Amino acid sequence: MCSAQPDSETMHAAIEMALRAPSVHNSQPWRWRIAGPTVELYADPDRHLAATDPQQRGLVLSCGAALHHCTVAMAMLGWQAAVDYLPKPDDPDHLATVRFTPRAASRTDFELSAAVLHRQSDRRRYSSWRVPSGYIRTLATRASAHGAVVRHVPAGLRPHLARPARAAVDQHAADRAYQRELAAWSGRHGTSDGVPAENSPLPDPGDEIPVRGFSEPALPDRTRHPDAAEWLVICTPADDRKSRVRAGEAISATLLTATDLGLSSCLQTEPLGLPELRDDIRTHVLYDCAYPQAMMRVGWVPTCAAPLPQTPRRPLAEVLDQ
Ligand SMILES: Cc1cc2nc3c(=O)[nH]c(=O)nc-3n(C[C@H](O)[C@H](O)[C@H](O)COP(=O)(O)O)c2cc1C
């Protein structure tokens, strides 16, 4: 049996990269602990967005995405991860304990790690350049390694995404708790969390599938043509907490692969926070075969689009328990 173990400096470096993971409203709802040769990941319920994400699905997905970012970074540093999910049944916030064995990094490990540094949520409209079907298949293959399915939504099914998305926008417009939370977590400048004003364009009510709006949108989106994004639904065969952690890993694998392929991407989850609208998507887009965990737009921003500012993150010291 091999007894080699990563040193704490290596694990610190990987956790630091994991902090670049996407999270709902950039809430970064995670805590980390290095325990001997293992890395432990905890959900941080103090950063739960109760009005936006009442079932904590987005919170757990965000942590799953960070877990995958961590294992990608460790793989690039020469350590293969073995994840023990929800290792303590009496502590549901302890989402994972990760152990490592040495393994030479592959080219994919380097490509995905580079994507960690470059991936960004791009909410602008995407151009009419087609996304090759082989790219969609590659995204689906990477997600399937984490027990999730990527459902590409063909044009004929898009009205079944558009209807609940529009209903969610309307319901949330009249929901004061949701609006208060949105105002507290977006439209920010110079903070270490939340969605900055510079990263959100003004949503266009004429878009075929409406997307979540944020406070004080200040990102120019000068594209005149309609959004030509491809829509994906990431779904899982079960809907328990472990399935959601794994769906978060699959979301991360899909986003990082998209970035590596040169695609822009952005998650969309607004209707999934409302149980009846989530059921609607489950029935009409997934034929009741699987549970929708997140929707994702992928495509190409026009070549003339300005670079996006990188969203902020809390420093490692704030999220690492000693
Ligand atoms: C579970 C989850 C749900 C999200 N839902 C949305 C959404 O509905 N709309 C949106 O524009 N971005 C959504 N995002 C993207 C986050 O807002 C984004 O990751 C965060 O602001 C950090 O920015 P970055 O992705 O550019 O690093 C979601 C991210 C996660 C992980």
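In this predicted model, R33 stands opposite E40 of strand β2. The pairing of β1 (residues 30-35) with β2 is antiparallel and is made by six bridges. The two strands form a hairpin with two residues between them, and G36 in the turn has a positive phi of about 60°. On its other pairing, β2 runs antiparallel to β4 and is joined to β4 by four bridges. Here E40 stands opposite T97 of β4. E40 therefore has a partner in each neighbouring strand, R33 in β1 and T97 in β4. The faces of β2 (residues 38-43) differ in cover: V39, L41 and A43 are on the covered face, while T38, E40 and Y42 are on the uncovered one.

The protein is divided into domain 1 (8-117) and domain 2 (133-299). The C-alpha centres of these domains lie 21 Å apart. Their contact takes 33 residues from domain 1 and 30 residues from domain 2. On the side of domain 1 that touches domain 2, the elements giving two or more residues are α2, β4 (94-102) and α3 (107-118). Of these, α2 gives the most, with twelve residues. By class, this side of domain 1 divides into 20 nonpolar, ten polar and three charged residues.

The largest nonpolar core has 80 residues. The residues with the most contacts inside this core are L41, C63, A66, C70, L232, I234 and I251. Helix α2 gives the most to the core, with 13 residues. Both domains take part, as the core draws at least three residues from each of domain 1 and domain 2. In soluble globular proteins, nonpolar side chains tend to be buried together. L41, listed among the residues with the most contacts in the core, also belongs to the covered face of β2. For I234, leaving aside neighbours within four places in sequence, the residues in contact are A143, A148, V150, A247, A250, I251, T254, Q293, A294 and M296. One of these contacts, I251, is likewise listed among the residues with the most contacts inside the core.

The ligand is surrounded by 21 residues, and the closest are P22, N26, S121, T269 and T311. The shell draws at least three residues from each of domain 1 and domain 2. At least two shell residues are supplied by each of α2 (57-76) and β9 (264-268). The largest share, four residues, comes from α2. Helix α2 thus appears in the shell around the ligand, in the side of domain 1 that touches domain 2 and in the largest nonpolar core. By class, the shell has eight nonpolar, ten polar and three charged residues.

Positive phi values in residues other than glycine were found at E216 and D288. For E216, phi is near 45°, and the residue lies in the loop between β7 (195-196) and β8 (230-236). E216 has 15 other C-beta atoms within 10 Å and is partly exposed, because this count falls between the limits of 12 or fewer for exposed and 20 or more for buried. For D288, phi is near 60°, and the residue is found in the loop between α8 (275-284) and β10 (291-299). D288 has 9 other C-beta atoms within 10 Å, so this residue meets the limit of 12 or fewer and is exposed.

Notes: Residues numbered from 1 in each chain as written. Predicted model: local features only at pLDDT ≥ 70, side-chain atom pairs only at ≥ 80, totals over all residues. Near = placed C-beta within 6 Å. Nonpolar A, V, L, I, M, F, W, Y, C, P; charged D, E, K, R; others polar. Domains from an automatic or database assignment. Contact = placed C-beta atoms within 7 Å. Core = buried A, V, L, I, M, F, W, Y, C linked by C-beta atoms within 7 Å. Pairing = 2+ DSSP bridges.
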